[in-house]
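Let's take a look at one small sheet and two pockets. Here is the model to follow along with.

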Amino acid sequence: TNVPGNLVGVVAIAAGHSHTLALKNDGTVVAWGFNNVGQTSVPPLSDGVAIAAGNGHGLALRRDGTVVAWGANQYGQTTLPVGLAGVVAIAAGMNHRLALKADGTVVAWGNNTGGQTNVPAGLSDVVAIAGGGQHSLALRRDGSVVAWGSNAFGQTNVPAGLVRGVAIGAGSFHTMVLGLDGSV
């Protein structure tokens, strides 16, 4: 879709299934694209620090560690878990959401068809998260990667001997890890 005119001061972008989000340096979020389920109807916000977009839904992390969600909610993906606070990072899968809390734990909600919101018991020391089609990822402080949810295409099979990870990413049916040595 066409980028809105006069869109300046952008510090982050996120692409959803049929819409796009931009976070501006003043903490506001601009959205454009298809709006059949409210995915471009961003609530008033002036203190955003991060954004994520999924299949018809958007998510923003506020400076105070709280989260704002909008758009499609057929799987509860925009119904925030009660008491969600202390969040330092967010991620959106196709129809699920993830939040990384300051204590290194992960909260997940929304569609759980593939087990993508069943955060593994005892998961801690997480420094990054990513959401795929029906799977979720966590990068731990020691560089190890934890993956859960649908494994129809091997997307949650973390290779043995994986070089210490420094970044993670997830697509609909695949997972990527950037290794400390620059390998992917």
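For the class counts below, Ala, Val, Leu, Ile, Met, Phe, Trp, Tyr, Cys and Pro are nonpolar, Asp, Glu, Lys and Arg are charged, and the others, Gly among them, are polar. This is a predicted model, where local features need pLDDT of at least 70, side-chain atom pairs count only at pLDDT 80 or more, and totals for chains, interfaces and linings use all residues. Numbering starts from 1 along each chain as its sequence is written, and side-chain values use heavy atoms, with hydrogens and water left out.

On to the pockets: on a 1 Å grid over the protein atoms alone, a pocket is an open set of points with protein on both sides within 12 Å along at least five of seven lines, and lining residues have an atom within 4 Å of a point. Volume is the space filled by probe spheres (1.4 Å probe) set on the points, which are joined across faces, edges and corners.

| Pocket | Volume | Lining by class |
|---|---|---|
| Largest | about 190 Å³ | 5 nonpolar, 10 polar, no charged residues |
| Second largest | about 150 Å³ | 11 nonpolar, 2 polar, no charged residues |

Among the residues nearest the centre of the largest pocket are Gly54, Gly93 and Ser172. For the second largest, Ala14, Ala52, Ala53, Ala91 and Ala92 sit closest to the centre. Strand 1 is one of the strands that supply at least two residues of that lining.

Strands here are DSSP runs (E, at least two residues), numbered from the N terminus, and two of them pair if DSSP finds at least two bridges between them. Strand 1 belongs to an open, antiparallel sheet of 3 strands in the order 1-2-3. Strand 1 (10-15) and strand 3 (29-33) are at the edges with a single partner strand each, so one side of each has no neighbour in the sheet. Strand 1 is joined to strand 2 (residues 19-24) by 5 bridges, and Ala12 stands opposite Leu23 there.

Terms used:
Helices (H or I, at least four residues) and strands (E, at least two) are DSSP runs, numbered from the N terminus.
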